[in-house]
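Work through the exercises below with the structure open. Each task is followed by a solution in steps.

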Amino acid sequence: MSAILNTMPPSFAVVGAGAVGCYFGGMLARSGARVTLIGRPVHMDPIAREGLRIDSLRVNERIPIAATSSLQEGLRESDVVLFCVKTVSTETAARELQPFLRPDAAILSFQNGVDNVDRIHAAIGRHAIPAAVYVAAEMTAPGVVSHTGRSDLVIGHRSGWPREIELPPLAAIFESAEIPCRVSDTIETELWTKMAMNCAYNAISALTRAQYGRMVAYPAVRSLMDRAVSETVAVARAEGVPLSESAMTEAVYRLAEKMSAATSSTSQDIARGRLTEIDSLNGYVVRRGATLGIATPVSETLVTLVKLLEDSAVNRPAG
């Protein structure tokens, strides 16, 4: 076992503390864990002064928590790093934090997509731990995170990589913070399951500005989502991940029951004039499908439309 968990409890740093990072970091801090949020000054400054406000299904309170925009300050005493940056910044952010990482610090990738830990390793030579993250959260004001659905994690070691820390004690820390956390021996399947969810919801939610419950209530949209899932499953199977198309479709619909009021992170990025993660979602399916000889016309169309919308949002005139 790594030194990280020999001395309990470990301290946490959340890199890229937006909605997801603030919610999970805030819940850990609420349970008594030592946590430092690292993110943009617009949120970190008010959190450092007044605490993090969580407006949740079960929690509505202001939580004292350390917050900074400095990687050096935030990482210097951290045992576990929750890596929550957008996928478009994976390599850049990994290289930026590398000089300040403790040699025995664990990195957990709390990101969308299926290849982030590989990209982190290629960038800095560290073996990050992948996590499938299910949560509906949004920063609704400076230093305020709104949580509207789920908040559970699945973590596991990447197949074929060294198991540098034991995961059950880490999962127990999340559980004690009221964050359901399961350890999986088949994390690649869990990541592709989450990918199927993302490919079904994210782009369509962004293009239509619709919440998940409304999407699945519309038959023509359900049909489109079904085809996006079918393409994703076909690519996953070609990659050696044994997903069931019927099981994935059912899981997609169940997600809407638990997160009916959610809108996708892609939709939130568009609304804020930011680059989206579409290249790591449907775009990844398109690229791998082309390499593997699998047609992905629905994902190709969704990527094209989101890219056009993204360009309009990122380059919209101020005012």
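**Exercise 1: a residue in a short strand**

At 9% relative accessibility, Thr68 counts as buried, because the limit for that class is under 20%. The model used here is a predicted one.

Task: State which strand Thr68 lies in, which residues Thr68 touches, and with which side chain the side chain of Thr68 makes a polar contact.

Solution.
1. Find the strand: Thr68 is part of β5, which covers residues 66-68.
2. List the neighbours, leaving out residues up to four places away in sequence: Thr68 touches Thr36, Leu37, Ile38, Gly39, Met44, Glu73 and Gly74.
3. Look for the polar contact: the side chains of Thr68 and Glu73 make one at 3.1 Å.

**Exercise 2: the pairings of strand β9**

Task: For strand β9 (residues 144-155), find how many residues are buried. Then give the sense of pairing and the number of bridges with β3, with β8 and with β10.

Solution.
1. Start with burial: of the 12 residues in β9, 10 are buried, and the strand is mostly covered.
2. Take β3 (residues 52-55): this strand runs parallel to β9, and 3 bridges join the two. In this pairing Asp55 has Ser146 of β9 as its bridge partner.
3. Take β8 (residues 129-141): its pairing with β9 is antiparallel and has 10 bridges. Here Ala137 is bridged to His147 in β9.
4. Check the link between β8 and β9: the two strands form a hairpin with 2 residues between them. Gly143, in the turn, has a positive phi of about 80 degrees.
5. Take β10 (residues 181-183): β9 pairs with this strand in the parallel sense, over 3 bridges. The bridge partner of Ile155 in β10 is Val183.

**Exercise 3: two helices that cross**

Task: Describe how helix α9 (residues 219-238) and helix α13 (residues 297-314) are placed relative to each other, and name the residues through which they meet.

Solution.
1. Compare the axes: those of α9 and α13 come within 8 Å and cross at roughly 110 degrees.
2. Classify the angle: angles of 65 to 115 degrees count as roughly perpendicular, so α9 is roughly perpendicular to α13.
3. Name the residues: from α9 these are Leu224, Arg227, Ala228 and Glu231, and they meet Pro297, Val298 and Ser299 of α13.
4. Sort the residues of this contact by type: 4 are nonpolar, 1 is polar and 2 are charged.

Terms used
Residues numbered from 1 in each chain as written. Predicted model: local features only at pLDDT ≥ 70, side-chain atom pairs only at ≥ 80, totals over all residues. Heavy atoms only, no water. Axes fitted to C-alpha atoms, helices over the stretch in contact; angles between N-to-C directions. Helix = DSSP H or I, 4+ residues; strand = E, 2+ residues; numbered from the N terminus. Parallel < 35°, antiparallel > 145°, perpendicular 65-115°, else oblique. Contact = heavy atoms within 4.5 Å. Nonpolar A, V, L, I, M, F, W, Y, C, P; charged D, E, K, R; others polar. Buried < 20%, exposed > 50% of the residue type's maximum accessible area, 1.4 Å probe, protein only. Polar contact = N/O pair within 3.5 Å; in protein donor to acceptor, adjacent residues only side chain to side chain. Pairing = 2+ DSSP bridges.
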